[in-house]
Amino acid sequence: ANAAVLGEKWLGLDRDVRNMVYMFSGVGCGILINEEIYRGANGAAGELGITSAHASKDVSFKMATQLGRWEMDIGMVRHAREKIEKGEPTVLKEMVGGDLNKLGFKEIVKAIREKDAVAVKVAEHAGQELGKKIAFIVNLLNPEVVVIGGGIEDCGAPLLDSIKNTVKEWSVEEAATQVKIIPSAFGENAVALGVVGIVAREVFAQA
């Protein structure tokens, strides 16, 4: 996430942007403050949720929408399986030949592009839940830009519009009107580009 936020800043955004957050799925975030990566005391800054080795899966799932940690897909696959098991009609079941164990994030993205109702609802719900966490970060840090990356941006408008509407609803007005929420310009390449940027900065700093 730290590498990705730098990659997006250096190569994808206006040079005037000084404060931004890169949401790496729902798992963690890269934070840029005054154009510098904020790493915390020992590099652990940016974790988006709390977890305990003693907590059961059920407890962790219930906490995910609040303080808990998410799966990389923000629980979209799990949510889709629940809807299919309840009998909601969807192309997702056909995509995996009825074997829900084979259902993955790629199928969700494909179904969204086919305007499948279940897949769209799942993405919108995920956007609402992630949007609340982003709203908290927007209130706390007041960034100019929040980049949505880590793969979930492939869900397109159903996810991104839901995030934007939720952030607008749950953030204080001063922060909500300032922040721009955009998909990653480089996708998976943002991390690699950011790593190159970090190395370059270290080399020049030593020189």
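Helices here are DSSP runs of H or I with at least four residues, numbered from the N terminus. With that settled, I could place L141: it sits in helix α6. A reminder to myself before going on: this is a predicted model.

**Entry 1: the overall build**

I began with the secondary structure and found 9 helices and 5 strands. Reading from the N terminus, I noted the order α-β-β-β-α-α-α-α-α-β-α-α-β-α. I then looked up burial, and 44% of the 207 residues in the protein are buried. For contacts between residues at least 6 apart in sequence, I found that 66% join residues at least 24 apart. The protein exposes about 11500 Å², and 53% of that comes from carbon and sulfur atoms.

**Entry 2: a nonpolar patch**

Which residues make the nonpolar surface patch? I wrote down I33, Y38, F136, L140 and L141, together covering about 520 Å². Helix α6 gives the largest share of this patch, with 3 residues. I went back to L141, my starting point in α6, and checked its exposure. Its relative accessible area is 33%. Patch residues need over 30%, and L141 counts as partly exposed because its value lies between the 20% and 50% cut-offs.

**Entry 3: helix α7**

Next I turned to α7, which covers residues 157-170 and has 14 residues. From first C-alpha to last I get 19 Å, close to the 20 Å expected at 1.5 Å a residue. Which of its residues are buried? My list reads P158, L159, L160, S162, I163, T166 and V167. I paused over the spacing in that list, with a general point in mind. An α-helix has 3.6 residues a turn, so residues three or four places apart point the same way. Then I asked what the buried residues of α7 pack against. The helices among their partners are α5 (105-113), α6 (117-141) and α8 (173-178). The strands are β4 (145-149) and β5 (180-183). So α6 turns up in my notes again, because it supplies residues to the patch and also packs against the buried residues of α7.

**Entry 4: the aromatic pair**

How many aromatic pairs does the structure hold? I found 1. The partners are Y22 and F24, with ring centres 6.3 Å apart and planes at 35°, so I logged the pair as tilted. Are the two partners buried or exposed? Y22 is buried, at 0% relative accessibility. F24 is partly exposed, with a relative accessible area of 24%.

Methods:
Residues are numbered from 1 along each chain as its sequence is written. This is a predicted model: local features need pLDDT of at least 70, side-chain atom pairs count only at pLDDT 80 or more; totals for chains, interfaces and linings use all residues. Side-chain values use heavy atoms; hydrogens and water are left out. Helices (H or I, at least four residues) and strands (E, at least two) are DSSP runs, numbered from the N terminus. The expected span of a helix is 1.5 Å times one less than its number of residues. Buried means under 20% relative accessible area, exposed over 50%, partly exposed in between (1.4 Å probe, protein chains only). Contact means heavy atoms within 4.5 Å. Accessible areas come from the Shrake-Rupley method with a 1.4 Å probe; for residues, only the protein chains shown count as cover. Patches are made of residues with over 30% relative accessible area and no salt bridge: like charges are joined within 9 Å, nonpolar side chains (Val, Leu, Ile, Met, Phe, Trp, Tyr) within 5 Å. A salt bridge is a side-chain nitrogen of Lys or Arg within 4 Å of a carboxyl oxygen of Asp or Glu. Rings of Phe, Tyr and Trp (its six-membered ring) pair if their centres lie within 6.5 Å; planes under 30 degrees apart count as stacked, over 60 as edge-to-face and the rest as tilted.
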